[in-house]
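I opened the notebook to look up backbone geometry that departs from the usual pattern. My plan was to go through peptide bonds and then backbone torsions, and to note where each case sits.

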Amino acid sequence: MKKIIFLIAFVANCHLIMAQHKQIATQTDFKTFAVTPPMGWNSWDCYGPTVEEHEVKSNADYMSGYLKKYGWEYIVVDIRWFVKNDKAGGYNQTDPIYVMDEYGRYQPAVNRFPSASDGTGFKKLADYIHRKGLKFGIHIMRGIPKEAVERKLPILGGNGITADQIYSTELQCSWLKDNYTIVADKPGAQEYYNSIINMYAEWGVDFIKVDDLSQPYHKGEIELIRKAIDQCGRPIVFSASPGETPVDAGEHISQHANMWRMVGDVWDTWEDIDHLFKVSEKWYPYISPGTWPDCDMIPLGRLAIRGERGLDRMTRLTKDEQYTLMSLFTIFRSPLMFGGDLPSNDAFTLSLLTNKEVLKMHRESTDVRQVFRQNGKVAITSKNQKTGDTYLAIFNLNKENTDITINISDLGLNGTVTATDLWNRKNHFKVKEKLIKKLRPHSAMLFRLHP
């Protein structure tokens with residue numbers, strides 16, 4: 001009898017040790033989900049909360065045909081895919097008709113996503129995207145649906161706990177009232193997040209953008225989401241949104257999310273780009289494989305087809321400003337989520353997304369740091385440990401032409417080096433001691449420096 005008791009205790013202890021090891025592994029393994037900054041398309045800037053399945057497929061087709069070979073791979077359906085009657089131009093303007101299952105989990109609106117009509121959610125759309133060699137993502141709001149609370153719907157795996165037992169009206173999202181806050185330490189809170197993440201894993205979701213997490217910073221719900229992803233059995237990239245994420249939460253967010261927004265929504269205005277330079281300089285220490293400070297979506301190409309800011313248009317940014325935006329996003333190693341309608345791209349927009357040398361820098365560089373930001377002049381540098389190359393981006397944020405001077409010794413270089421202009425690859429020149437360039441207003445130059 002003693003032998004049997006000992007054997008049972010031994011087996012139980014082995015299971016406990018294995019579970020502990022699994023927990024430790026998942027806590028670190030998530031950083032392998034996005035070893036390089038994610039690159040993809042998001043429906044928000046062009047379709048707001050109204051995107052439909054045929055539009056998602058159209059953008060996936062374009063990415064597969066024109067961008068996949070350059071590293072672009074995510075197709076992300078943004079906000080309110082579970083509302084039948086949403087429209088662009090602001091939230092809460094009508095009584096939303098939600099679609100959800102018996103456990104209070106939102107489902108795709110079939111009138112917008114016909115492939116969900118058989119009750120399998122986004123699985124068929126995800127399968128379509130996966131067949132093209134791409135990855136599928138969705139946007140969700142933190143918290144639990146108000147309707148689930150009002151109907152006291154049961155939580156799957158909650159042993160009888162219902163939605164009205166885990167919510168709070170405190171810190172409810174101020175700009176979208178679909179959900180209530182989940183109280184992180186309530187019994188059933190983890191089970192609810194587990195239930196929705198497990199469902200997304202069954203659908204084939206590879207990327208989840210979770211909104212209203214960062215301002216104010218919802219530490220408890222962030223931890224619930226991390227644990228839910230870790231237990232679901234699928235490598236799902238976790239994007240925390242929107243900013244500004246508080247810098248004093250940098251250590252915490254980098255241990256729980258793969259990417260997090262530094263700022264609010266970035267649109268096609270110079271003021272938004274200028275603000276990014278001010279905010280991003282605080283986040284350089286957190287640029288690391290698997291965890292990325294996020295500059296937000298790229299507001300280029302055709303925007304606001306049914307969007308939230310302005311009328312249907314091509315981006316209002318000048319070409320110089322577009323080069324500035326792409327130079328900052330790529331040398332900073334921000335995730336690249338294109339916001340425009342891909343099939344509407346013109347040749348210039350496509351050229352910004354398919355520059356092999358620029359994307360190589362974005363993918364392979366390390367030691368990203370700001371050399372200076374003063375008087376409207378900015379210099380940022382990074383290294384490529386594989387090739388020994390040094391990268392340098394210089395920016396003129398001023399309204400007039402400005403000379404920018406870089407001492408190459410400040411980049412850790414000596415002697416004479418060759419500079420290759422990465423946006424104009426025919427432009428090569430020698431640099432000894434100083435690089436001096438006159439930049440037009442709101443413009444940038446991006447160089448690879450090599451022997």
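The entries below follow that plan, and I keep in mind throughout that the model is predicted.

**Entry 1, background.** Before looking, I reminded myself that most peptide bonds are trans, and that most residues other than glycine have a negative phi.

**Entry 2, peptide bonds.** I looked up the bond between Ser 241 and Pro 242 and found it to be cis, with an omega of about -25 degrees. Pro 242 lies in the loop that runs between strand S8 (237–240) and helix H8 (250–254). I then turned to Gly 243 and Glu 244, which are also joined by a cis peptide bond, here with an omega of about 5 degrees. For Glu 244 I noted a place in the loop between S8 and H8.

**Entry 3, Asp 212.** Which sign does phi take at Asp 212? I found that phi is positive, at about 65 degrees, although Asp 212 is not a glycine. The residue belongs to the loop between strand S7 (207–211) and helix H7 (219–232). I also looked up its accessibility, and Asp 212 counts as buried because its relative accessibility is 6%, the cut-off for buried being under 20%.

**Entry 4, Asp 296.** I next recorded a positive phi of about 90 degrees for Asp 296, which is not a glycine either. Its place is in the loop between strand S10 (292–294) and strand S11 (302–303). Is Asp 296 buried or exposed? With a relative accessible area of 4%, Asp 296 is buried.

Methods:
Residues are numbered from 1 along each chain as its sequence is written. This is a predicted model: local features need pLDDT of at least 70, side-chain atom pairs count only at pLDDT 80 or more; totals for chains, interfaces and linings use all residues. Side-chain values use heavy atoms; hydrogens and water are left out. Helices (H or I, at least four residues) and strands (E, at least two) are DSSP runs, numbered from the N terminus. Buried means under 20% relative accessible area, exposed over 50%, partly exposed in between (1.4 Å probe, protein chains only).
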